[in-house]
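Trainee: Could you take me through one part of this model closely? I would like to see how its sheet is put together and what lies against it.

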Amino acid sequence: MIHALAAAVLVLAALTVLNLMVGLGIVRRLRAHAERLDALDGSAGGPPPSLEPGDTAAEFLPGADLPARTLVGFFSPSCAPCEELAPRFAELAATMPRAQVVAVIAGPPGEAEPMRALLDPVATVFAGEPDGGQPARAFKVEVFPKVFLVDDSRTVLAAGHDLAGVTAVARD
């Protein structure tokens with residue numbers, strides 16, 4: 001009886017050590033995976049994915065003078081958050097002069113039409129290029145949706161993936 005009990009204790013101890021080793025292996029793999037994800041999204045010291053307040057955008061409307069404050073929104077018809085934000089962007093844009101609102105729709109022309117129909121009455125709309133074209137490059141936008149408020153010198157006053165920060169600065 002004692003020999004069976006001793007054998008059971010040894011088997012249990014071996015299973016406990018094996019469980020500990022597997023658990024530590026899983027933790028090590030999760031850490032390596034998290035580091036790779038951080039490197040992909042640029043948070044590991046890489047350049048920011050888009051312009052931040054205080055940065056200046058490259059010229060994105062050749063030859064056009066911007067009004068004192070211009071609202072610039074970047075959308076993609078294949079993006080669910082863009083579909084949710086576009087109507088709220090249009091509501092905000094309707095409270096501003098049309099010359100002070102620019103909407104960029106990244107995607108093929110056929111896909112962009114419903115969003116263009118929503119934004120065209122309240123904004124100058126650029127659509128048809130899969131990556132957002134020159135305006136997206138000027139603002140270094142790679143992730144949609146993105147909204148900016150810029151002044152007449154194209155300096156970013158506010159930026160975000162929603163309207164909260166932009167509307168707060170716009171009211172000032």
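Mentor: Start with helix 3, residues 109–119, in this predicted model. Helix 3 lies across strand 1, strand 2 and strand 3. Its direction is about 175° to strand 2.

Now look at the sheet itself. It is open, has five strands and follows the order 3-2-1-4-5. The pairing is mixed. In general, strands of a sheet pair through backbone hydrogen bonds, either parallel or antiparallel. Strand 3 (124–127) and strand 5 (156–160) stand at the edges. Each has a single partner strand, so one side of each lacks a neighbour in the sheet. On average, neighbouring strands here are turned by 15° against each other, direction ignored.

Next, strand 1, residues 69–75. Six of its seven residues are buried, so strand 1 is largely enclosed by the rest of the structure. Five bridges join strand 1 to strand 2, and these two run parallel. One pair to find is V72 with its bridge partner V102 in strand 2. From strand 1 the chain crosses through helix 2 to strand 2, and this β-α-β crossover is right-handed. Helix 2 (residues 80–94) lies across strand 1, strand 2 (101–105) and strand 4, at about 160° to strand 1.

Strand 1 is also joined to strand 4, by six bridges, and that pair runs antiparallel. Here L71 stands opposite L149 of strand 4. Follow L149 onward: its bridge partner in strand 5 is A158. Strand 4 (residues 146–151) and strand 5 are antiparallel, joined by four bridges.

Key:
Residues numbered from 1 in each chain as written. Predicted model: local features only at pLDDT ≥ 70, side-chain atom pairs only at ≥ 80, totals over all residues. Heavy atoms only, no water. Pairing = 2+ DSSP bridges. Axes fitted to C-alpha atoms, helices over the stretch in contact; angles between N-to-C directions. Contact = heavy atoms within 4.5 Å. Buried < 20%, exposed > 50% of the residue type's maximum accessible area, 1.4 Å probe, protein only. Right-handed = clockwise from strand over helix to strand, strands pointing away.
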